[in-house]
Amino acid sequence: MQLTPSSPRPSGSTPGTEADRDAQRDAHRRAAPDRGRTLLGPALSLIHTGQTPTRSALTRALDVTRATAGAVTAELEALGLITVDSRPAGGGRGRPSHRLAIDPEGPVVIAGQIHADGLSVTLAGLGGLLEPPVHRPLPAATDPVRMLRAVAEAGAELARNSNRRCLGAALALPNPVTEPDGTALAALHFAWPSGTPVADLYDVEVGRADNGPRALDPLPTAIANDANLGALAEYRHGAGRGARHLLLVTSGHRGVGGALVIDGRLHTGSAGLALEVGHLTVDPQGRPCQCGNRGCLNSETDPDALFAAAGLTPDPDRPLLDQARELCRAAATDERARAAVEHVIDRLGLGLAGVANILNPDRVVLSGLHLDLLEAAPERLRAVVAERCLWGRSGRVPIVGAELAHGALAGAAELAWRPYLADPQSVVAVG
Ligand SMILES: [Zn+2]
């Protein structure tokens, strides 16, 4: 690859000798290909996150010359990752700039999720563009190999039936996942043995599955906690865009997860286990939690807790989260539902204030059932947080709802894309 280097910035100093200028030119020639290659990843990340819809925006964001930006976008287009549309956009003033977009025919990754109500899989292109997810029940047996095989095979079926190249697979799990070894800890939802090597098992199952002729073989795999992945996806494509210290708290199906993104990077602690906010005590006399304590955020603010507060029993044959969401909506007209929602909101507010006091985020994003609780009574939740939060009264940390319909899947896609965003030229490994 040959890329035009940036022009030297005018220094205002007197020109050097002929030998100086030759040395400078040589230095530029040597630096050019490396510099170009190192720009590909940042450029693709900017286009992937929708921050640079035109080539002139990319030129400014990378702080390079137009020629360099042109060479970088041409390379990304040649790799089949983006499209560069030079037709005038129309209506604008000044010289029109080439429009940049993710190539809709470009490669995909498999994104999967295992949760208490089943498994979900989809194919995802760059740009956070997910195909409609497929949902399936979990296998009757809860042993991890059976479950990971089921999600690997469901993803492989999608890849086989797609005519787009498939470059990786990643999976979101509802339990803590250690780094870097990828074991599941406290997998309370499925009674998996603590320390189950989920990353290795998933890799084996994806390797065994028939991912079709358009998939990289072996297909690289990755695995992470669902709340962490949801936070990453919201930061890049949803309600977290523009935040610097993003706290996400969620109750997807059972229990509560948390995650923190700082300046674009997930804060996962020394072993991948940071931000396990679910076991924060919000009512010492409260409901028993799977961890053995009482009144954890987990057991006080998840769908089960909402039903318990309403004195109702959910239908065991329907997804619990769907029923809990209906209960939140019923709060607008039903007194019993209203009282239950307020009871749970008060405990959620205590938990959010405690976490915000420690982390001082500049945005809090709520997803899963917590998003529905926020929508049912936004002022009440914000008031409880402000009351207890050291910074709430003055700092007014915004509490907003998640924007992505499938945050954990979108985050799994981010995880699978990570090596290619770091080095876009590595996509050429697949024909
Ligand atoms: Zn607990």
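These are my notebook entries on what I looked up in this structure.

**Entry 1: the chain as a whole**

I began by noting that the model is a predicted one. The chain has 431 residues, and 51% of them are buried. I went through the secondary structure next and found 14 helices and 12 strands. I then looked at contacts with a separation of 6 or more, and 65% of those in the chain join residues 24 or more positions apart.

**Entry 2: cysteines**

I looked for disulfides, and the structure holds 0 of them. I noted two of the cysteines. Cys328 counts as buried because its relative accessibility is 4%, where buried means under 20%. Cys389 is also at 4% relative accessible area, so it is buried by that cut-off.

**Entry 3: nonpolar cores**

Which residues touch the most other members of the largest nonpolar core? They are Leu76, Ile82 and Tyr202, in a core of 66 residues. The element that gives the most to this core is helix α14, residues 407-422, with 9 residues. I also found another core lying apart from it, with 39 residues, including Leu260, Phe307, Ala340 and Leu381. As background, nonpolar side chains tend to be buried together in soluble globular proteins.

I then took Tyr202 by itself. With its neighbours within four places in sequence left aside, Tyr202 is in contact with Leu148, Val151 and Ala152, with Ala169, Ala170 and Leu171, and with Thr221, Ala222 and Ile223.

**Entry 4: the largest pocket**

I turned to open space. The largest pocket has a volume of about 1,000 Å³. Its lining takes in 47 residues, and those nearest the centre are Gln113, Asp226, Thr250, Gly252 and His253. I listed the elements that give two or more residues to this lining: the strands β3 (108-115), β5 (134-136), β8 (245-251), β9 (257-262) and β11 (363-368), and the helices α6 (226-237), α9 (320-330) and α14. Which element gives the largest share? It is α6, with 4 residues. By class, the lining of the largest pocket has 17 nonpolar, 22 polar and 8 charged residues.

**Entry 5: the second largest pocket**

The second largest pocket holds about 540 Å³ of space. It is lined by 22 residues, with Glu179, Leu266, Thr268, Leu415 and Arg418 the closest to its centre. I checked which elements supply at least two residues of this lining, and they are β7 (221-225), α6, β10 (265-266) and α14. The classes here are 10 nonpolar, 7 polar and 5 charged. Helices α6 and α14 therefore appear in the element lists of both pockets, where membership means giving at least two residues.

**Entry 6: enclosed space**

I looked for cavities of 30 Å³ or more and counted 1. The largest cavity has a volume of about 30 Å³. Its lining consists of Pro176, Val177, Asn225, Asn228, Gly258, Gly272, Leu273, Ala274 and Glu276. These divide into 4 nonpolar, 4 polar and 1 charged.

**Entry 7: Gly407**

I came back to helix α14, where Gly407 has its place. Is Gly407 buried or exposed? Its relative accessibility is 16%, so Gly407 counts as buried, the cut-off being under 20%. Its C-alpha atom is separated by 7.3 Å from that of Leu229, though the two residues are 178 residues apart along the chain. Beyond its neighbours within four places in sequence, Gly407 is in contact with Leu229, Gly230 and Ala233.

**Entry 8: Thr281**

I picked Thr281 as a loop residue; it lies between β10 and α7 (297-301). Thr281 has a relative accessible area of 46%, so it is partly exposed, since exposed begins over 50% and buried is under 20%. The C-alpha atoms of Thr281 and Cys296 are 4.3 Å apart, with their positions 15 residues apart along the chain. Apart from neighbours within four places in sequence, Thr281 is in contact with Arg294, Gly295 and Cys296.

**Entry 9: helix α2**

Last, I read through helix α2, residues 55-62, and noted that Ala57, Leu58, Thr59 and Leu62 are buried. Asp63 follows α2, and its phi is positive, near 55 degrees.

Terms used: Residues numbered from 1 in each chain as written. Predicted model: local features only at pLDDT ≥ 70, side-chain atom pairs only at ≥ 80, totals over all residues. Heavy atoms only, no water. Disulfide = S-S within 2.5 Å. Buried < 20%, exposed > 50% of the residue type's maximum accessible area, 1.4 Å probe, protein only. 1 Å grid on protein atoms, 1.4 Å probe; cavity = no way out; pocket = protein on both sides within 12 Å on 5 of 7 lines; lining within 4 Å. Points joined across faces, edges and corners; volume = space filled by probe spheres on them. Nonpolar A, V, L, I, M, F, W, Y, C, P; charged D, E, K, R; others polar. Core = buried A, V, L, I, M, F, W, Y, C linked by side-chain atoms within 4.5 Å. Contact = heavy atoms within 4.5 Å.
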